[in-house]
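Visitor: Could you take me through one part of this structure slowly, strand by strand and side chain by side chain? I would like to see how the pieces fit together.

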Amino acid sequence: LEFSVTGKITTLGGMLLKGVNNQYNAISYGNKLDYTNEDEIPSYGSYGIPDPESVSFFNLYINGVLQPQVSYTVEEGKLTLNLEDPPIEGAPIILEAILLWNSDNVLLKGESYQYNAFAAPKDTYTNADEITMYGDKGIPDPNQVSYHLLFINGVLQAPVSYRVEENLLKLETEALPIPGSPMVLQLVTFYDEV
């Protein structure tokens with residue numbers, strides 16, 4: 001599937017900021033780690049792999065699961081998967097390019113960090129639970145980021161189902177995730193360098 005989301009974000013001052021979400025879509029061949037514009041599925045669009053300097057930030061989804069930033073590198077026209085083994089044949093690969101402009105039409109640069117952990121039979125996670133091969137910054141103060149999202153087993157969670165504090169992720173649901181399920185807390189910060 002291909003879609004492009006456009007819209008505006010309201011700032012504290014009430015100004016609307018223009019935003020765009022573009023996607024590069026490919027399918028894993030099961031035997032390669034480098035993908036180029038030629039691998040893009042034409043029926044889903046021809047956006048290509050943009051120059052990282054021309055986007056605010058990227059998200060990569062393989063088989064529907066948000067990938068840690070250390071697992072890929074983006075250059076204009078090329079996506080390299082920094083993995084030991086390629087994704088299974090047929091797995092969808094979606095590189096999402098997020099673009100957000102300030103009120104002066106200047107592209108805002110964003111920084112995305114992902115706290116990764118495996119679900120356990122508990123509802124509270126701290127920096128000690130982080131899978132450090134994917135990052136080791138821990139859970140920052142949520143007041144120091146623009147927004148955060150929680151994915152459990154690849155599924156985006158409703159904001160009422162969890163709470164984030166510095167060094168703390170607390171699940172607010174009665175049913176806990178299946179032990180071993182990947183949990184990704186994505187923390188995104190935009191910078192306006194006007």
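Guide: Happily; here is a walk through one small sheet and the charged side chains on it.

A word on the ground rules. This is a predicted model, in which local features need pLDDT of at least 70 and side-chain atom pairs count only at pLDDT 80 or more, while totals for chains, interfaces and linings use all residues. Residues are numbered from 1 along each chain as its sequence is written, and side-chain values use heavy atoms, with hydrogens and water left out.

The sheet is open and has three strands in the order S10-S14-S13, with antiparallel pairing. S10 (124-125) and S13 (162-165) are the edge strands; each has a single partner strand, so one side of each lacks a neighbour in the sheet. Strands here are DSSP runs of E with at least two residues, numbered from the N terminus, and two strands pair if DSSP finds at least two bridges between them.

Let's settle on S13. Four bridges join S13 to the antiparallel S14 (residues 168-171). Within this pairing, Arg163 sits opposite Lys170, and Val164 sits opposite Leu169. The two strands make a hairpin with two residues between them; in the turn, Asn167 has a positive phi of about 65°.

Now look at where the side chains go. In a regular strand they alternate between the two faces of the sheet. Along S13, Tyr162 and Val164 point to one face and are buried, whereas Arg163 and Glu165 point to the other and are not buried. Buried means under 20% relative accessible area and exposed over 50%, with partly exposed in between (1.4 Å probe, protein chains only). Arg163 is partly exposed at 33% relative accessibility, and Glu165 is partly exposed too, with a relative accessible area of 35%.

What do the side chains of Arg163 and Glu165 form where they meet? They form a salt bridge, at 2.3 Å from N to O. The term stands for a side-chain nitrogen of Lys or Arg within 4 Å of a carboxyl oxygen of Asp or Glu. Arg163 also forms a salt bridge with Glu172, where the closest N and O atoms are 3.0 Å apart. Glu172 is partly exposed, at 40% relative accessibility. Arg163, Glu165 and Glu172 are thus linked in a network of salt bridges.

Searching the whole structure gives five salt bridges. Among them is the one between Lys122 and Asp129, with the closest N and O atoms 2.8 Å apart. Lys122 is partly exposed, with a relative accessible area of 30%, and Asp129 is partly exposed with 23%.
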